[in-house]
Amino acid sequence: DLRISVDPENRSISGSNTIRYRVLEPADRMQIDLQEPLEIQSVLQEGRELTYEREGNAYFIKLEKTQPPGAVGEVVMHYSGKPKEAGRAPWDGGCSGKTDSRGLPFIATSCQGLGASAWWPNKDHMYDEVDSMAIRVTVPKPLMNVSNGRLRQVTESDSTRTFDWFVSNPINNYGVNVNIADYAHFGDTYQGEKGLLDLSYYVLPENLEKARIQFRQVPMMLEAFEHWFGPYPFYEDGFKLVEVPYLGMEHQSSVTYGNGYQNGYRGTDLSGSGWGMKFDFILIHEAGHEWFANNITNRDIADMWIHEGFTAYSENLYLDYHFGTEAASAYVIGTRARIQNDRPIIGTYGVNREGSGSDMYYKGSNMLHTLRQLIEDDALWRKILRGLNETFYHQTVTTSQIENYMSEQSGKDLQAFF
């Protein structure tokens, strides 16, 4: 339960996070992460203030008593400060801030790699996802905050608004976001495999008409990806596209967008085949992460190819669905020119180190394209992709789990291939 107030003028935040936890092993302390220059002011449990020690970005909290296995407890952390400003979002994460054409604040968070503790206190590791989350953000009028999940209510004072969002599905820490602007809003619905899906779009007012045209690709994306991957994984939370002052990011049910309302990647075709200009790269790629990153999340960042390899491959499958297999093949084969072979795709386990930043995309997607040819049965290939999203629904996984599943379902020993 994250409750914060944002001061755009001073680029600062203050508030609290309540974490409810289930005890797995007996313990009398807890580690919570919060990155400098933010600071925790106090930690409470059952109304009593707890003591803690800080080592870098880690706070070690002395709990009120030893926690027996199976017990459910709760701690409340109050914190404040100025979060790190992003240098080159979303790769160099943090808080991105600009002003819109009218001089009003235009602010957003992005923190993959850097970690969500760059702007809110949490257990900052991907192997553990909360089962649900409330996100309550207070901003000055006339600004609006857009976060993950569904908007439950807006509470107003003379000078502020508090936006109360709720995520009813498990969510990874870096997928949580805050987006602040004087947004224009429009919406639609999509009749999908699990029923009616709410679609919401938040954009700067001057871009409203461009967005109405460009975002027509959203239903096309959903049709293609539900065909290949199975139902959109978060019907209960809806689907949003939110304009931000950086390129974009796969924040769960609150996908962020900054590609300039144009096809391609910033108006260019990454494949050199021409087919990359048939779709808005950021819209399709970042939405593809709803299946691979948000539904199926890697347990260790060393396995981030599971996010990026499958999602880069989803661009190919979008083309396959709407433009045919030859177009899709030309696109993915065209991206081979971008393969670096600089270092392994899989990083080093247990030390927060990912593999090749480039090859997890292009080599990963071409590996999957090659595997489709090896299996030689497109109906089975589709069944495998859909089965991954069903079998590992809302779970954190390892490379070995993905490899073993694909071997079992294909009926081929793929150990040498991988």
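This report describes two sheets, a pair of packed helices, a pocket and a cavity in a predicted model.

**Two open sheets**

Four strands make up an open sheet in the order 9-10-15-12, and their pairing is antiparallel. Strand 9 (94-99) and strand 12 (144-146) stand at the edges with a single partner strand each, so one side of each of them is left without a neighbour in the sheet. From one strand to the next, the twist in this sheet averages 15°. Within the sheet, strand 10 (residues 105-110) pairs with strand 15 (residues 179-181) in the antiparallel sense over two bridges, and Ala 108 has Asn 179 of strand 15 as its bridge partner.

Another open sheet is formed by three strands in the order 3-7-6, again with antiparallel pairing. Its edge strands are strand 3 (27-33) and strand 6 (52-55), each of which pairs on one side only. Neighbouring strands of the 3-7-6 sheet are turned against each other by 30° on average, with direction ignored. Strand 6 is joined to strand 7 (residues 58-67) by four bridges, and the two strands run antiparallel; the bridge partner of Glu 53 in strand 7 is Phe 60.

**A pair of packed helices**

Helix 2 (residues 217-229) packs against helix 7 (residues 378-391) at an angle of about 95°, and their axes are 7 Å apart. Because angles of 65 to 115 degrees count as roughly perpendicular, helix 2 and helix 7 are described as roughly perpendicular to each other. From helix 2, the contact is made by Glu 226, His 227, Trp 228 and Phe 229, while helix 7 brings Trp 381, Arg 382, Leu 385, Arg 386 and Asn 389. Sorted by class, this contact has four nonpolar, two polar and three charged residues.

**Empty space: a pocket and a cavity**

Rolling a probe the size of a water molecule over the atoms shows where empty space is left. The second largest pocket holds about 660 Å³ of space. It is lined by 31 residues, of which Trp 91, Tyr 265, Glu 308, Gly 357 and Tyr 361 are the closest to its centre. The elements that give two or more residues to the lining of this pocket are strand 19 (248-249), helix 3 (281-288), helix 4 (305-323) and helix 6 (359-375).

The structure also holds one cavity of 30 Å³ or more, and about 110 Å³ of space lies in the largest cavity. Of the 13 residues that line the largest cavity, Val 6, Ile 13, Cys 95, Ile 107 and Thr 109 are the closest to its centre. At least two residues of the lining come from each of strand 1 (2-7), strand 2 (12-22) and strand 10, and strand 1 gives the most, with three residues. Strand 10 thus appears in two places in this account, as a member of the sheet with the order 9-10-15-12 and as a contributor to the lining of the largest cavity.

The table sets out the two linings by residue class.

| Lining | Nonpolar | Polar | Charged |
|---|---|---|---|
| Second largest pocket | 15 residues | nine residues | seven residues |
| Largest cavity | nine residues | two residues | two residues |

How values were computed
Residues numbered from 1 in each chain as written. Predicted model: local features only at pLDDT ≥ 70, side-chain atom pairs only at ≥ 80, totals over all residues. Heavy atoms only, no water. Pairing = 2+ DSSP bridges. Axes fitted to C-alpha atoms, helices over the stretch in contact; angles between N-to-C directions. Parallel < 35°, antiparallel > 145°, perpendicular 65-115°, else oblique. Contact = heavy atoms within 4.5 Å. Nonpolar A, V, L, I, M, F, W, Y, C, P; charged D, E, K, R; others polar. 1 Å grid on protein atoms, 1.4 Å probe; cavity = no way out; pocket = protein on both sides within 12 Å on 5 of 7 lines; lining within 4 Å. Points joined across faces, edges and corners; volume = space filled by probe spheres on them.
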